[in-house]
Number of protein chains: 2
Amino acid sequence: MLQNYKKGLINHKISPTTQRVKILEFLDKNRTHPTAEQVYLGLKDKMISLSKATVYNTLKLFVESGLIHELTVFENETRYEYNTENHIHFKCIKCGNIFDIHEGNKIFAESVINGHKIFDYQINLRGICNSCLNKNGENNA
Amino acid sequence: MLQNYKKGLINHKISPTTQRVKILEFLDKNRTHPTAEQVYLGLKDKMISLSKATVYNTLKLFVESGLIHELTVFENETRYEYNTENHIHFKCIKCGNIFDIHEGNKIFAESVINGHKIFDYQINLRGICNSCLNKNGENNA
DNA sequence: TCTAAAATTAGAATTATTCTAAATCTGTCA
DNA sequence: TGACAGATTTAGAATAATTCTAATTTTAGA
């Protein structure tokens, strides 16, 4: 199984060091759009010597190579995800969780608007998620 | 003219202190989606004693009252704008400027997707703006 | 005018991220 | 093998953005 991560890294011309394989595995198995800090905290127990700088460097490297996506979903948080297909992010203002939405995509891809050439885009929605709605009735506190 | 800003503040139940009026005026006259830092730098010459904390507090107050909008347009930058109508932001990866786009709006407003109730949304596009395209021909460096 | 609450201020504290320089690892080729 | 060069990792310092804190000033109302 780890072999797959190694292959993925090599395909992207990234030499598959232990740290990089573990970080990629973490992102694959934790599809919760973690922050760099959360990746670090999730791995440091198993990798005593892991440094935060390595996590930051590695995530940046993965983003630049197109292996993962970097998101900025309201409130100025940098988060990462393994899923690089176009999709929309929805953030619940109660529980704070971020959900993926696979509808209404590819609206803007490779289009030209007002003479600006568009390469990529982010669509972020904000509101109350279905499970918070069910919990509290319909009070928008 | 300043009277209008005062009225605007009072309408939003915000007491119109000197600092608040000046900050609102700055946002009205500088429609470049400035950061908090830029607001501070733009005003401190005329208001010697202005504190950064006041700028941050005031911007947050304005956002909470709905007087201005807070944006997060890629690269984790918090910016502010006076224009609170729904619109799309386009960021040029060459010059870094952020442009407003008034097309394709109101797609998601007040809708429900996957059972999540949507209150507001941000759509951020990224690419090369028309003036950068004209400058350099069409090299996507 | 007096007073209480609100607002502002300067600077310290916090948080996220990047930088730096030293140490370690990896692959290659004599 | 084993020694070198380059890549990678590391710990901790440095930086940048933002928030907190406690003191001071301003404001609005009785």
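1. In this predicted model, a good place to start is chain B, where B:Gln19, B:Arg20, B:Ile23, B:Leu24 and B:Leu27 of helix H2(B) are in contact with B:Thr54, B:Val55, B:Thr58, B:Leu59, B:Leu61 and B:Phe62 of helix H4(B). Sorted by character, the residues of this contact comprise seven nonpolar, three polar and one charged. The two helices, of which H4(B) covers residues 52-65, pack at an angle of about 70 degrees with their axes 10 Å apart, and because angles of 65 to 115 degrees count as roughly perpendicular, H2(B) is described as roughly perpendicular to H4(B).

2. Helix H2 of chain B, which spans residues 18-29, also meets helix H3 of chain B, residues 36-44, and here the axes come within 10 Å and cross at roughly 110 degrees. That angle makes H2(B) roughly perpendicular to H3(B). On the H2(B) side the contact is made by B:Lys22, B:Ile23, B:Phe26 and B:Leu27, while H3(B) contributes B:Gln38, B:Val39, B:Gly42 and B:Leu43. The residues of this contact divide into five nonpolar, two polar and one charged. A reader following the side chains may note that B:Ile23 and B:Leu27 take part in the contact with H3(B) and are also listed in the contact with H4(B).

3. Turning to chain A, the reader will find five helices and six strands, which follow one another along the sequence in the pattern α-α-α-α-β-β-β-β-β-β-α. Taken along the principal axes, the C-alpha atoms of chain A fill a box of roughly 45 × 45 × 25 Å.

4. The interface of the two chains deserves a separate look, since 35 residues of chain A are in contact with 35 residues of chain B. Between them the chains bury about 3,100 Å², and 55% of this area is on carbon and sulfur atoms. Across the interface there are 12 residue pairs in polar contact, counting pairs with both residues at pLDDT 80 or more. The elements of chain A that give two or more residues to the side touching chain B are strand E3 (88-92), strand E4 (98-101), strand E6 (116-128) and helix H5 (130-135). Of these, E6(A) gives the most, with 13 residues, and the residues of that side of chain A divide into 16 nonpolar, 11 polar and eight charged.

5. How many salt bridges are found across the interface of chain A and chain B? The rule finds two, and among the salt bridges of the model is one in which the side chains of A:Arg126 and B:Asp120 meet at 3.0 Å, N to O. As general background, side chains of opposite charge can pair when their charged atoms come close.

6. Over all chains, a search of the whole structure finds 10 salt bridges. One of them joins the side chains of A:Lys52 and A:Glu37, at 2.7 Å from N to O. A:Lys52 lies in helix H4 of chain A (residues 52-65) and A:Glu37 in helix H3 of chain A (residues 36-44), so this pair ties together parts that are 15 residues apart in sequence.

7. Finally, B:Arg126 is worth inspecting, as a residue of strand E6 of chain B, residues 116-128. Leaving aside residues up to four places away in sequence, B:Arg126 touches A:Lys117, A:Ile118, A:Phe119 and A:Asp120 in chain A, together with B:Phe74, B:Glu75, B:Phe90, B:Lys91 and B:Ile93 in chain B. With B:Ile93, which is 33 residues apart from B:Arg126 along the chain, the separation of the C-alpha atoms is 6.7 Å.

Key
Residues numbered from 1 in each chain as written. Chains lettered and ligands numbered in written order. Heavy atoms only, no water. Axes fitted to C-alpha atoms, helices over the stretch in contact; angles between N-to-C directions. Helix = DSSP H or I, 4+ residues; strand = E, 2+ residues; numbered from the N terminus. Parallel < 35°, antiparallel > 145°, perpendicular 65-115°, else oblique. Contact = heavy atoms within 4.5 Å. Nonpolar A, V, L, I, M, F, W, Y, C, P; charged D, E, K, R; others polar. Buried area = accessible area lost by both parts, 1.4 Å probe. Salt bridge = Lys/Arg side-chain N within 4 Å of Asp/Glu carboxyl O. Polar contact = N/O pair within 3.5 Å; in protein donor to acceptor, adjacent residues only side chain to side chain.
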